[in-house]
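Me: I have a protein model open and some terms I would like explained. Can we go through them one by one?

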Amino acid sequence: MPEQPPHAADSAHVEAADSARRPVRPREPLEVTINGKPYFHDGDPAMPLLWFLRDTLRLTGTKFGCGIGNCGACTVLFDGKAMRACVLPMSAAATHQITTIEGLERDALHPVQQAWIEEDVAQCGYCQAGQIMAAVDLLKRKPKPSDDDLASIGNLCRCGTYPRIRKAILRAAELMQGERK
């Protein structure tokens, strides 16, 4: 009787058994610097930075809003540039400098935070951390922002405090340039 070829199911079973015998190589932990401190992540490299910040480090100032990078509630600074943490995988954050609202200033309020208070921006406050981080990035790039620059931020405010947000950003620009009005 001629020899029968192995069934596909049999060969898949053999391959699975072979792979089970091979040692599994542990994932190298990803190093990420957050607010000036190094941290390691040895979980799924595709996990969004937002969940590492909130669930692992308990830095809850960065908020979950939409989960697709549209609203900006999760905005952090990535090497000084505003980025949405809900769509930034941990693998992309590795070896970079991440700043959250908690790490914006250590000893005093950042001028943007000061302007937010002076202009009484917050209502519910949910989007404020993301708004502030986006404003910090904008003012670093454009110390005297135009109306178009202010409109380009794109973070959403559920309470609609956009006029106060714009006023606070302009006030922060004054504070950062040492001007007083």
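Me: What is the order of the elements of the protein from the N terminus on?

Reply: The order is α-β-β-α-β-β-α-β-α-α-α-α. That gives seven helices and five strands. Keep in mind that this is a predicted model.

Me: How many of the residues are buried?

Reply: Of the 181 residues, 39% are buried. To count as buried, a residue must have under 20% relative accessible area. The protein exposes about 10700 Å², and carbon and sulfur atoms supply 54% of that.

Me: What share of the contacts is between residues 24 or more positions apart?

Reply: The share is 57%, taken over contacts with a separation of 6 or more.

Me: Why are H4 and H5 called oblique to each other?

Reply: Start with the general idea. Two packed helices are described by the angle between their axes and the distance between the axes. Helix H4 covers residues 111-118, and helix H5 covers residues 128-141. Their axes cross at roughly 125° and come within 9 Å. Now the cut-offs: 65 to 115 degrees is roughly perpendicular, and over 145 is roughly antiparallel. The angle of roughly 125° falls between those ranges, so H4 and H5 are oblique. The crossing of H4 and H5 is right-handed.

Me: Which residues of H4 and H5 meet?

Reply: H4 brings Val-112, Gln-113 and Trp-116. H5 brings Gln-128, Gln-131, Ile-132, Ala-135, Val-136 and Leu-139. Six of the residues in this contact are nonpolar, three are polar and none is charged.

Me: What makes H5 oblique to H7?

Reply: Helix H7 spans residues 162-176, and H5 packs with H7 at an angle of about 45°, with the axes 11 Å apart. Roughly parallel needs an angle under 35 degrees, and roughly perpendicular starts at 65. An angle of about 45° meets neither cut-off, so H5 is oblique to H7. This crossing is right-handed too.

Me: What kinds of residues form the contact of H5 with H7?

Reply: Eight are nonpolar, one is polar and none is charged. From H5 come Gln-131, Ala-135, Leu-138 and Leu-139. From H7 come Ile-165, Ile-169, Ala-172, Ala-173 and Met-176.

Me: Why is Cys-157 called buried?

Reply: Its relative accessibility is 8%. The cut-off for buried is under 20%, so Cys-157 counts as buried. Cys-157 lies in the loop between helix H6 (147-151) and H7.

Me: What does Cys-157 touch, leaving out residues up to four places away in sequence?

Reply: Cys-157 touches Cys-127, Gln-131, Tyr-162 and Ile-165. Tyr-126 is 31 residues from Cys-157 in sequence, yet their C-alpha atoms are 8.2 Å apart.

Me: How do you know that Thr-95 is exposed?

Reply: Exposed means over 50% relative accessible area. Thr-95 has 70%, so Thr-95 counts as exposed. Thr-95 sits in the loop between helix H3 (90-93) and strand S5 (97-99).

Me: What is notable about the phi of Thr-95?

Reply: Most residues other than glycine have a negative phi. Phi of Thr-95 is near 70°, a positive value in a residue that is not glycine.

Me: And what makes Asp-120 exposed?

Reply: The relative accessible area of Asp-120 is 52%. The cut-off is over 50%, so Asp-120 is exposed. Asp-120 lies in the loop between H4 and H5. Asp-120 has a positive phi of about 50° and is not a glycine.

How values were computed
Residues numbered from 1 in each chain as written. Predicted model: local features only at pLDDT ≥ 70, side-chain atom pairs only at ≥ 80, totals over all residues. Heavy atoms only, no water. Helix = DSSP H or I, 4+ residues; strand = E, 2+ residues; numbered from the N terminus. Buried < 20%, exposed > 50% of the residue type's maximum accessible area, 1.4 Å probe, protein only. Contact = heavy atoms within 4.5 Å. Areas by Shrake-Rupley, 256 points an atom, 1.4 Å probe, with all protein chains shown as cover. Axes fitted to C-alpha atoms, helices over the stretch in contact; angles between N-to-C directions. Left-handed = near helix turned anticlockwise from the far one by under 90°. Nonpolar A, V, L, I, M, F, W, Y, C, P; charged D, E, K, R; others polar.
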